[in-house]
Amino acid sequence: MTDLSLYRNIGIFAHVDAGKTTTTERILKLTGKIHKIGEVHDGAATTDFMVQEQERGITIQSAATTCMWPGSTNQFPPHRFNIIDTPGHVDFTIEVYRSLKVLDGGIGVFCGSGGVEPQSETNWRYANDSKVARVIYVNKLDRLGANFYRVVKQVEDVLGAKPVVMTLPIGEEENFIGVVDLLTRKAWIWDNSGDPLKYEIQDVPADMAEQVEEWRAKLIDQVADQDDEIMEKYLEGEEPTIEEIKKCIRKGTIAMDFFPTFCGSSFKNKGVQLVLDGVVEYLPNPTEVKPQPETDIEGVPTGEHAIVDPDRPFRGLVFKIMDDRFGALNFVRIYSGKLKKGDTVLNTYTGKTERVGRMVEMHADDRNEIESAQAGDIVALIGLKNVQTGHTLCDPDKPATLEPMVFPDPVISIAISPKDKGSNEKMGIAIGKMVAEDPSFRVETDQESGETIIKGMGELHLDIKVDILKRTHGVDVNVGKPQVAYRETITKRVEDEYVHKKQSGGSGQYAKINYIIEPGEPGSGFQFESTVVGGNVPREYWPAVEKGFRASIDKGVLAGFPCLDFKVNLTDGAFHAVDSSSIAFEIAARAAYRQSIPKGAPQLLEPIMKVDVFTPEAHVGDVIGDLNRRRGMIKSQDPGVTGVRIKADVPLSDMFGYIGDLRTMTSGRGQFSMEFSHYAPCPKNVADEVIKEVNERNKNKEK
């Protein structure tokens with residue numbers, strides 16, 4: 001029986017280029033998991049095993065690995081770390097989100113010179129939503145422009161978080177040689193060999209003594225109030241012991257009152273050991289985290305929780321599916337109970353049982369066969385048939401569903417077709433596997449043209465998918481122009497009626513409905529209510545009317561985009577004792593939609609993106625001018641040390657190819673991230689253009 005207090009399920013997350021993958025490499029080296037360090041810039045990092053990741057130097061999918069850590073000076077019993085290295089790029093935040101969902105703790109990595117960058121905010125928000133305790137690691141302190149204290153200030157100001165500084169840097173930029181551990185008042189100084197194990201523990205440099213005392217006092221001040229007894233002693237002038245301080249830090253970190261903050265340079269192998277010790281000492285083990293709520297199949301909480309305990313019934317959440325040469329791997333976080341090879345489990349979503357063929361522990365794309373696993377483990381299962389991300393696997397005799405994951409809707413789509421006509425089936429199989437792996441990637445077939453439409457979170461997202469089709473699955477495709485996911489709505493209230501009758505011999509059909517269609521609040525979707533009195537439309541036909549309207553909203557009247565944010569009120573109607581049926585009322589509602597929506601002054605809505613641009617100060621004018629030309633609304637400008645951050649709301653249709661233009665304007669130094677914000681009405685000239693384009697496309701299809 002393994003001791004759960006020695007487990008740490010952690011994720012490493014941050015902005016693009018803050019050094020997450022490099023930090024993961026150092027952790028694997030220090031824990032003896034790998035013997036030679038692979039560098040991201042050489043395309044040799046262990047957890048970046050996709051060809052696309054190695055070429056671009058970015059992480060695309062989260063990779064899981066397991067290692068053991070006995071402490072920097074072997075001061076702990078070996079602790080088992082299940083680590084997930086997540087992507088930083090905004091198009092892949094879905095990977096971060098679903099990883100955070102199953103983790104107990106995290107390491108938020110920030111760049112010493114870049115500080116808190118746009119994507120760091122999104123990831124930090126996700127971690128707050130998922131209630132994941134974190135330690136902060138300020139990396140890259142050897143870089144030009146690095147300033148640890150400035151980043152600590154940014155964490156407070158930009159993220160609204162409370163950092164508790166645990167280590168101070170000795171020297172900065174190229175003079176960065178090590179760190180001071182504030183608790184022990186000892187300096188860790190590394191030599192220049194680049195070997196993480198070649199360091200000396202010395203006394204604090206004389207010129208830092210005063211600064212160390214000042215920050216140490218601040219640390220105790222920030223954490224002592226976690227324990228009344230310790231606080232009382234401290235206020236009476238008695239300094240708490242190191243053990244007492246650590247106890248307070250652990251308690252406050254798990255409660256997310258503050259975040260222990262470390263510093264170092266992963267690339268130069270300095271400071272990583274102290275971060276790992278911090279993970280053991282301050283981050284929760286699986287039993288110290290609030291247990292996952294259980295729901296029924298509809299997603300309604302039952303009040304029960306999946307308590308992390310190997311002796312309770314089995315509960316596991318599938319949080320990721322990865323396809324490789326051996327078939328589909330289902331990554332499962334086990335919340336309670338035990339699982340053995342050959343066990344039968346129930347998938348509560350499909351209601352079907354699945355047999356666990358094989359079980360493996362993952363190390364990036366290598367695997368280690370195991371016979372059994374238990375609460376707190378993260379394992380990959382092979383041989384499951386109908387399982388998708390977010391499904392719950394459980395004990396067939398004691399079923400329960402864990403809180404499901406919610407994924408954002410895609411905002412951009414492109415049409416693809418195989419270059420070689422014979423590859424249609426091959427492409428279909430490949431896309432099926434890719435959709436199972438990535439819930440933010442969707443696919444549909446255009447009924448009229450037969451084209452395959454793929455949808456995703458951004459240009460880079462779809463670009464990578466096309467690349468995977470070509471390299472991994474050997475399917476070369478032609479790619480159409482990106483299409484924006486427009487929507488439609490109405491702006492005027494319409495009172496109307498519709499009669500559906502077909503009464504010529506045989507059993508007829510009859511339904512009459514009187515209704516009001518009116519615009520709803522933005523974001524309210526489709527709403528239906530019935531205020532019919534006196535039984536003119538019997539109650540059993542109301543759902544049929546709602547079904548008829550709901551089935552029609554996928555196709556708007558302007559350009560065939562889904563219709564949003566309107567409300568239908570069924571006010572009156574009539575029925576025939578013999579000829580009326582649910583089908584008749586459903587047909588009447590569908591026809592009523594087509595009749596009345598055009599009278600409601602329909603309007604095209606376009607997706608507006610929340611855009612966050614970072615630019616050197618010299619180019620601010622150009623960047624703002626360019627965003628204005630793209631119909632952007634500038635929200636804020638925040639000057640920083642290395643440049644200015646501009647936040648704006650910009651229509652997605654004007655953001656295609658933006659990265660190239662931004663790099664040209666800023667001599668390659670600008671960066672940006674964007675995520676979907678809301679739908680807003682389209683200006684008339686843009687709407688006319690879109691409708692004209694759609695109509696032309698439809699005409700060409702008919703030909």
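These notes cover a small sheet, a strand pair, ring contacts and salt bridges in a predicted model.

1. The three-stranded sheet. Strands β13, β12 and β24 make up an open sheet, in that order, with antiparallel pairing. The edge positions belong to β13 (301-306) and β24 (401-402); each has a single partner strand, so one side of each is left without a neighbour in the sheet. Strand β12 covers residues 292-295 and pairs with β24 over two bridges, in the antiparallel sense. In that pairing, T295 has T401 of β24 as its bridge partner.

2. Strand β30. This strand spans residues 487-490, and its side chains alternate: R487 and T489 point one way, E488 and I490 the other way. All four of these residues are buried, the charged R487 and E488 included. Strand β30 pairs with β35 (residues 602-615) in the antiparallel sense over four bridges. Q603 in β35 is the bridge partner of T489.

3. Aromatic pairs. The model has 13 aromatic pairs. One of them is W124 with F259, edge-to-face, at 4.9 Å centre to centre and 65° between the planes. W124 belongs to helix α4 (residues 118-129) and F259 to strand β11 (residues 259-263), so the pair ties together parts that are 135 residues apart in sequence. Both W124 and F259 are buried. F110 joins W124 and F259 in one aromatic cluster.

4. A second ring pair. The ring centres of F148 and Y149 are 5.4 Å apart; their planes stand at 70°, so this pair is edge-to-face. The two residues fall into separate burial classes: F148 has 0% relative accessibility and counts as buried, while Y149, at 25%, counts as partly exposed.

5. Charges over rings. W124 appears again here, since the charged end of R134 sits over the ring of W124, 4.2 Å from its centre. The ring of F441 has the charged end of K465 over it, at 5.2 Å from the ring centre.

6. Salt bridge D203 to K186. The structure contains 33 salt bridges. In one of these, the side chains of D203 and K186 meet at 3.0 Å, N to O. This pair links distant parts of the chain, 17 residues apart: D203 is in strand β10 (residues 199-203) and K186 in strand β9 (residues 186-190). D203 is exposed, with a relative accessible area of 56%, whereas K186 is partly exposed at 31%.

7. Salt bridge E239 to R216. The side chains of E239 and R216 meet at 2.8 Å, N to O. E239 lies in the loop between α7 (228-235) and α8 (242-254), and R216 in helix α6 (residues 209-223), 23 residues apart. E239 has 42% relative accessibility and counts as partly exposed; R216 has 3% and counts as buried. The contact belongs to a wider arrangement, as R185, E213, R216 and E239 are linked in a network of salt bridges.

8. Salt bridge E444 to K455. Here the side chains meet at 3.2 Å, N to O. E444 is in strand β26 (residues 442-445) and K455 in strand β27 (residues 452-456), eleven residues apart. E444 counts as partly exposed at 40% relative accessibility, and K455 also counts as partly exposed, at 25%.

Key
Residues are numbered from 1 along each chain as its sequence is written. This is a predicted model: local features need pLDDT of at least 70, side-chain atom pairs count only at pLDDT 80 or more; totals for chains, interfaces and linings use all residues. Side-chain values use heavy atoms; hydrogens and water are left out. Two strands pair if DSSP finds at least two bridges between them. Rings of Phe, Tyr and Trp (its six-membered ring) pair if their centres lie within 6.5 Å; planes under 30 degrees apart count as stacked, over 60 as edge-to-face and the rest as tilted. Buried means under 20% relative accessible area, exposed over 50%, partly exposed in between (1.4 Å probe, protein chains only). A charge sits over a ring if NZ of Lys or CZ of Arg is within 6 Å of the ring centre and within 35 degrees of the ring normal. A salt bridge is a side-chain nitrogen of Lys or Arg within 4 Å of a carboxyl oxygen of Asp or Glu.
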